[in-house]
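Here's a walk through one protein model, going from loops to strands to the core and the ligand. Keep the viewer open and follow along.

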Amino acid sequence: MSATNFFSGNPDLVEVFDRVIPWPAVVRAVEGVDANVDETVSTWREVLDVAGRYMASEIAPRAAEVDEIGVIRENGTVRMNEPMTENLRGLAELGLASPSVPAEFGGAGLPFTVTMMLAEMLARADLSTQVQHGIGWNSPAALILRFGTEQQKARYLPILAKGGLMGAVAMTEPQAGSDVGNVSTTATPAGDDCWLLKGRKQFISAGQGDMVIVLARCVAGSTGLDGLGMFIADREGDNYVVERAEHKFVIRGSPTCALVFEGTRATALGKPGDGWKQILTFMNESRLGVGIQGIGVATAALAKASEYAATRVQMGKPIREHPMIAEMLLDMETTVAGARALAYQAAVLQDRAIFGGDQAAARDARELTPLVKWYCTEGAVRVCRLALQIHGGYGVVDEYDVGRYMRDSLITPIYEGTSQIQSLMAVKDLMKWTMQRPSSLVRGGPSRLLASASFAGRGGADFAAARGQIVGMLRSVVGGLVRRRGVGILTSRACSASARS
Ligand SMILES: Cc1cc2nc3c(=O)[nH]c(=O)nc-3n(C[C@H](O)[C@H](O)[C@H](O)COP(=O)(O)OP(=O)(O)OC[C@H]3O[C@@H](n4cnc5c(N)ncnc54)[C@H](O)[C@@H]3O)c2cc1C
C-alpha cells in the first residue's frame, strides 16, 4: 500500500472502485438514464486520484501537527489551528469543500459512494480534518439540499460548496445523548418565518463555525421524538454563544463545542414537527460516514504496521516473518477489506435510495447501516490496537503515529450513535420485520440481504450455518411469544411495529 496516493496506492480501494461498485446503477440513479456511464465514472475516478495524491502528500504530513497544536482558544474565542485551516483551504481549492452539492449550486455533484471514498482517504490522512470537512461543510449542505427552501438553498449551498462558511449539526444536549427524544432546546415561532431558540447543545463538532443546524422541540407539550424540528441559526451578531471547546484526547484538532442559545433567531429547515423523521433519513448517511472514518483510520494503522513489520528485525528476521505477527497483519488486512466491502455495498444502496427513490434499496441500506457503523468502528479500534502492539515500545512514541490512530479510533464507536445503540437498532428492526412476516422464518429469515446471499466454498458453508443459527434463534423467540400470548401477537405486534416505522 503506497503512501504517495491514498487512492491509486491502495489496491483494495481501487479494486472496490474498478470491480465491485455497480456503477451503471449509481450513474443512472444520480445522473439520469441518459448519462454516459464510462465518461462519468472516469471523471469520478480522476477526482479520487487527484484528491488521493493531495491527501497523501499534503494533509497526512500535517496530521501530527494538527493533533499536537489542537484547538486554539484565545480571548474567549475558539478556532481551528493553522495546519488544519491549510488542509481545508487545499480541499476547497480542489473544488471538494462540499462534494455532494450539485453543479447548479457550484459544487462537484458527486454521488454518496464517491463522497465516502473521499472521506475514507481523508480520514486516513487526518481524522480531525475529516471531521471538520464532513460535519462542517458536507453535512449542513446535505441537510439543506434535502430539506431547504429554494431561498435557503440559494443562500447557503453556493458558499458551502466553496468552503466560504463552516456549519455544524447540533442534536446532542447535556441530558440527551443516546436518548435524543429527551431534547429540551425549544423553538418558538416569532413571526415572518423567524423562530427563537432557547437551550444548550453539547459536543458539537465544528461548533466554532458560522452557522448551525439545531434539532429543537417546536410543538408545545410534545414529548419524545414527536414535535421536533430542525432550524438554521447564523452566528453573526452573537446570535448564539460558543461557550467552550472541550479538552479531549481524540481528534484533538477538531473543536467539539458547547453552544448556548438564548432567544437565538433561526429559520425552520423542513417542516417543523417532522424534525426526527427528517433527521433519520440523514442519519443513515452520517452513520455510514462514521463507519467509513473507521476504515480510513484502520487503513492508516495497517499501512504503518505493515511497513514497520517489514523493516524491524528481531531474532534474525523481519518481525512480519514471525508467525504471530504475520497472523496479526492478516487479521488487520481482512478486517479492513471486509469492512470496506460492507460499507461500500451500503453506500451504493444509499445512492440508489436517495437519488433513484428505490424503496427496496432504502430498506436494505437501513438494515446495513448499524452493521457498518458497528463493525467498521469496533474493527478500527481493534486494528489500531494491533498496529500499536506490532510496534512494540515504539508504538507509544508520538513520532510513530500509531498512538494517534489508536486515540482517534476510540471516538468512532461513540459518536453518531454508540455501538450499543447500533446493536439495539439492528435487533429492533430484525424483530419488527420478523413480526411483520413470520412466514419468512420457514425460509431464509426476514432479512432479504441475508436470505438471498450465497457464497461458494468453505466460507459459503460457514455463512449458511451462521444464517441458520440466526433464523433458528428468531424462530424460538417468536415461538415463545406465541406460546405465552397466542397467535394474535403476530398481527398486533406487526401493526404497532409498522405504525412506529
Ligand atoms: C468528539 C465528539 C463529537 C461529537 N459531535 C457531535 C455533533 O457534531 N453533533 C451532535 O449532535 N452530537 C455530537 N456528539 C455527541 C455524540 O453523538 C454523543 O456523545 C453520543 O451519541 C453518546 O451520547 P452521550 O455521550 O450522552 O452518552 P450516553 O447516551 O449517556 O451513553 C452512555 C453509555 O450508555 C450506553 N447506553 C445509553 N443508552 C443505552 C441503552 N438504551 N442500552 C444500552 N446502552 C445504552 C451508551 O452506549 C454509552 O456506552 C459528539 C460527541 C463527541 C465525544
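**A guided tour**

Let's start in the loop that links strand E1 (72-74) to strand E2 (77-79), because that is where Asn75 is found. Bear in mind that this is a predicted model. Asn75 isn't a glycine, yet its phi is positive, at about 45°. Most residues other than glycine have a negative phi. Is Asn75 buried or exposed? Asn75 is exposed, because just 4 other C-beta atoms lie within 10 Å.

Glu416 is another residue to look at for its backbone. Glu416 is not a glycine either, and its phi is positive, near 65°. You'll find Glu416 in a loop too, the one between helix H11 (402-409) and H12. The surroundings are another matter: Glu416 has 24 C-beta neighbours inside 10 Å, so it counts as buried.

Now for the strands. Strand E4 (residues 186-189) pairs with E5 in the antiparallel sense, over four bridges. Within this pairing, Thr188 stands opposite Leu196 in E5. The two strands form a hairpin, with five residues between E4 and E5. Gly191 sits in that turn and has a positive phi of about 80°.

E5 also pairs with strand E9 (residues 256-273), again in the antiparallel sense, and here there are nine bridges. One place to see it is Gly199, whose bridge partner in E9 is Phe261.

Stay on E5 for a moment and pick out Ile204, which lies in this strand. What makes Ile204 count as buried? The reason is its neighbour count: 24 other C-beta atoms lie within 10 Å of Ile204, and 20 would be enough because that is the cut-off for buried. Leaving out residues up to four places away in sequence, Ile204 touches Ala168, Ala170, Val212, Thr256, Cys257 and Leu259. You can also check the fold by distance: Ile204 and Ser254 are 50 residues apart along the chain, while their C-alpha atoms are separated by 9.9 Å.

Val212, one of the residues that Ile204 touches, takes us to strand E6 (residues 211-217). Seven of the seven residues of E6 are buried, so the strand is largely enclosed by the rest of the structure. In a regular strand the side chains alternate between the two faces of the sheet. On E6, Met211, Ile213, Leu215 and Arg217 point one way, whereas Val212, Val214 and Ala216 point the other way. Residues on both sides are buried, Arg217 among them.

What are the partners of E6? E3 and E6 run parallel and are joined by two bridges, with Val169 bridging to Ile213 in E6. E6 also pairs with strand E7 (residues 228-234), this time in the antiparallel sense and over seven bridges. There, Arg217 has Leu228 in E7 as its bridge partner.

Next, the nonpolar interior. In soluble globular proteins, nonpolar side chains tend to be buried together. The largest nonpolar core here has 137 residues, and Phe231, Ala301, Cys384 and Ala387 touch the most other members. Helix H8 (residues 275-311) gives the most to this core, supplying 15 residues. Take Cys384 as a way in: setting aside neighbours within four places in sequence, Cys384 is in contact with Val297, Ala298, Ala301, Val402, Tyr405, Met406 and Ser409.

Over in helix H6 (residues 127-147) is Ile144. Ile144 counts as buried because 26 C-beta neighbours lie inside 10 Å. Beyond residues up to four places away in sequence, Ile144 touches Gln152, Lys153, Tyr156, Leu157 and Leu269. For a sense of scale, Ile144 and Gln314 are 170 residues apart along the chain, and 56 Å separates their C-alpha atoms.

Which residues come nearest to the ligand? Of the 22 residues around the ligand, those are Thr172, Gly177, Ser178, Thr418 and Gln420. Strand E3 (169-170), strand E5 (195-205) and helix H12 (419-436) each supply at least two residues of the shell. By class, that shell has 13 nonpolar, eight polar and one charged residues.

Finally, zoom out to the domains. The domain assignment gives domain 1 (169-277) and domain 2 (435-500). Their C-alpha centres lie 39 Å apart.

Note on methods
Residues numbered from 1 in each chain as written. Predicted model: local features only at pLDDT ≥ 70, side-chain atom pairs only at ≥ 80, totals over all residues. Buried ≥ 20, exposed ≤ 12 C-beta atoms within 10 Å, placed from the backbone. Contact = placed C-beta atoms within 7 Å. Near = placed C-beta within 6 Å. Nonpolar A, V, L, I, M, F, W, Y, C, P; charged D, E, K, R; others polar. Core = buried A, V, L, I, M, F, W, Y, C linked by C-beta atoms within 7 Å. Domains from an automatic or database assignment. Pairing = 2+ DSSP bridges.
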